[in-house]
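Biologist: I would like a close look at one part of this protein, the way its helices pack in pairs. Please add what you can about the pocket as well.

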Amino acid sequence: MTVMRCYYRPIIVFHHHRVVNGETVQMMKRKYRSQTNSFNPLRPLPEYSPRKLTVKDSILVEDVCRTIALRRLEPFNIILNHFEPRFDSHHLIWVLIRIRNDHKLALKFFRWAGTHEKRSIEAYCILINIMVASGMLRIASDFLKDVVANPHKGFASSPHQLYDMLIYTYKVCGSNPLVFDLLIKVFAQIGMVHEAMDVFQRILSYGFRASVHSCNTLLGVLLKSNQVQLCWKLYQQMSRNGISPNIYTKNMIIHALCKADNVEEAERVLLEMEGKGWEGPDVVSYTTIVDGYCRKGEVEKAFEIVEKMKKKQLEPNVVTYSALIGALCKQRKVLEAEKLLKEMRKRGVDADKVVYATLMDAFCKLGKLAEAGRLADEMVQKGLISNVVVYNTLLHGLCKQGKMKKAGKLFQDMQHRKLVPDKITYTTLIDGYCKEGNMQEAFRLHNEMVEKGIIPNIITYTSLVSGLCKKGEVEIANELLYEMAGKGLVLNVATYNSLIHGLCIVGNMEQANQLLIDMLEAGMSPDTITYTTIMDGYCKQGNVKAAFELLNKMSENGLSPNVVTFNVLIGGLCKVGKIKEANGIFGKMAKKGIVPNVITYNILLRQLCIQGEMQEANELLRKMTEQGLVPDNNISNLRIREHCKTVDLEEASKLYGKVAGIGLKPAVDPNNALIKILCRKGKMQEARELLNEMRKTGLVPDRIIYNTFIDRNYLEGNLEEALDLCDEVVEKHLL
């Protein structure tokens, strides 16, 4: 009888009933795990010893090893059939150890064991270490993924167990540190980034370091999942532990810093790369910085980086140009953006869909549809997109600007060219017609798309509901909602908001509030728009108390009011004459970090003027102009009129000058009031100049003004001027 020998003297034995130096194995495992949490350089690797075999088990293992070695080319399910009933997971471990230097045989045998459910996590780790030791990294990686991604196999209770077992079986298999690299990569690729970071730290205690390649894999996953802080932390740990970053590492760190809006620090990393004799920085390094500055709106700095690139003999690529063109278009500098497109062509850089789409969208927003169409033709010629996509882009631009006649003609042209409109085409047009209030055309297109077998989506129906509600057709909108539900479409917040808006327009606040309750009961979360719309409805009815009650409910549901919400509440308070309370809400805006807009100031200025609080109005106007905002024409005219009422000629004249100076046109009413005051004060020359200004701009003075100047000219002997004014009175039907 032959007894199998154990060639490895056990130091740590993971056996539940064995005691080593007075400690049970369970105690030693706990101690082992706690020690790996602290850095302890060059800690010795544990020796491995599987469960001791009986004599009978040893014979079985020897027989199996001999059989598979001698008959390795034969099917194992046949040659091992008579061993299978007696064979268990512990036998598998011993066989793998015996044949560890023959990785092909070990792999074939392990796969046979898998068909009979004999494999444990311990067996997996032995095989993985054998594969790594033999250079079979892809196979090892596949098995690691199998263990990590399939916890239903009944083992691997935790990532720590897998790591511990790989360490425990490492030495006996003659493995190498690449096994931990693979583990870090697998954890990272599956999204277990914290586990990957943990392995990175724990292997340091054995004197192992992750390779720069596995660190890069982890960095890439952290970047994709937007965990920028962890990226920086890993990068710092790499530096501390002597892992030299390569160009890919640096580029990812630059990308991470730009994502965190810290472009200046990213540029510092770039300068480091330039000064240390690296292989880089490369085009990607510079382009990432360019994109970072473009996203911040600092286009001049982005162009400076491009110039640095060119000096380094690095040519900007399509991504570089795309970032610059996108930033220029955001600033409405479309002609400059188009110049860059021409530069791309000269340098032999092919523009992609993103570049063309950005420029087309920018031209459409400016109403330059011919230019957008020209770019669309270029795209089609280059095979970048189909004609339908081009038409959809142009239609979207027209509809957004409310140019529905042109959109309709373009739609007809599309059909004449035998192009088949899709769901996006119809939905874009329907939304445009609904916003214009042309519900007849919107429903015609809706019916047409249904007839063609194109199923309307939630966006299509939401547009129709919104259009109906704006026209006060709430009942029809409700019917449409039932139709949507019947087709299995789930109402979204936008649909509810449209219907609530319609109910508020017709003053049906009870039903609007009920819809809000229905949303909550359906498990849908109303947004700030929902609450603000209902508040606006209450304020228009003068029910400010109900609006503020709703504001409290909104806050209870974790939503914060925005500038529109505050404008609604300030407007509601002004409507009921509560200017003091309105000013109080205005003060709260600053405390909440919400910046008032033109509408906020106009609401308050109007009410202050109406109440004759001109000193407060002037102070508020000063704050408004400091913020770079300009009051609308109505507010300016109202202020001129109110100053005229209080016979504050100097202030009224100053204000008139300011209004004209910023390109606003004072209306007839305040002009008439100001001329009358000037006449009463005997300042006829100034009054005459103002009258002439009115006549030039097409404003018609009232009959009293004409009579005053006819009489004045007659008394001064200016008969020709007096007669001209008489003719004007007749022409303008002021008799």
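Modeller: What follows goes through three helix pairs and then the pocket.

The model is predicted. Two packed helices are described by the angle between their axes and the distance between the axes, so each pair below begins with those two values where they are given.

I start with α4 and α5. Helix α4 covers residues 89-98 and helix α5 covers residues 103-115. Their axes lie 10 Å apart and the packing angle is about 170°. An angle over 145 degrees counts as roughly antiparallel, and α4 and α5 are therefore roughly antiparallel to each other. On the α4 side the contact is made by L92, V95 and L96; on the α5 side A106, F109, F110 and A113 meet them. This contact holds seven nonpolar residues, with no polar and no charged ones.

The next pair is α10 and α12. Helix α10 spans residues 193-202 and helix α12 spans residues 228-240. The two axes cross at roughly 15° and come within 12 Å. Because angles under 35 degrees count as roughly parallel, α10 and α12 are described as roughly parallel to each other. The crossing of α10 past α12 is left-handed. From α10, the residues H194, M197, F200 and Q201 take part, and they meet L230, K233, L234, Q237 and M238 of α12. By class, the contact of α10 with α12 has five nonpolar residues, three polar and one charged.

The last pair is α20 and α21. Helix α20 runs over residues 369-381, and helix α21 over residues 387-400. They pack with axes 10 Å apart, at an angle of about 165°. That angle makes α20 roughly antiparallel to α21. The crossing of α20 and α21 is right-handed. L369, A372, G373, A376 and V380 are the α20 residues in the contact, and their partners in α21 are N387, V390, L394 and L398. Seven of the residues in this contact are nonpolar and two are polar, with no charged residue.

That leaves the pocket. The largest pocket holds about 590 Å³ of space. It is lined by 26 residues, and D291, R295, S322, A323 and G326 are the closest to its centre. Four helices each supply at least two residues of the lining: α13 (247-259), α15 (283-296), α17 (318-330) and α19 (353-365). Sorted by class, the lining of the largest pocket consists of eleven nonpolar, eight polar and seven charged residues.

Key: Residues are numbered from 1 along each chain as its sequence is written. This is a predicted model: local features need pLDDT of at least 70, side-chain atom pairs count only at pLDDT 80 or more; totals for chains, interfaces and linings use all residues. Side-chain values use heavy atoms; hydrogens and water are left out. On a 1 Å grid over the protein atoms alone, a cavity is a set of points where a 1.4 Å probe fits but cannot get out, and a pocket is an open set with protein on both sides within 12 Å along at least five of seven lines; lining residues have an atom within 4 Å of a point. Grid points are joined across faces, edges and corners, and a volume is the space filled by probe spheres set on the points. Ala, Val, Leu, Ile, Met, Phe, Trp, Tyr, Cys and Pro count as nonpolar, Asp, Glu, Lys and Arg as charged, and the others, Gly among them, as polar. Axes are lines fitted to C-alpha atoms, for helices over the stretch in contact, and angles run from 0 to 180 degrees between N-to-C directions. Angles under 35 degrees count as roughly parallel, over 145 as roughly antiparallel, 65 to 115 as roughly perpendicular and the rest as oblique. A crossing is left-handed if the near helix is turned anticlockwise from the far one by less than a right angle, and right-handed if clockwise. Contact means heavy atoms within 4.5 Å.
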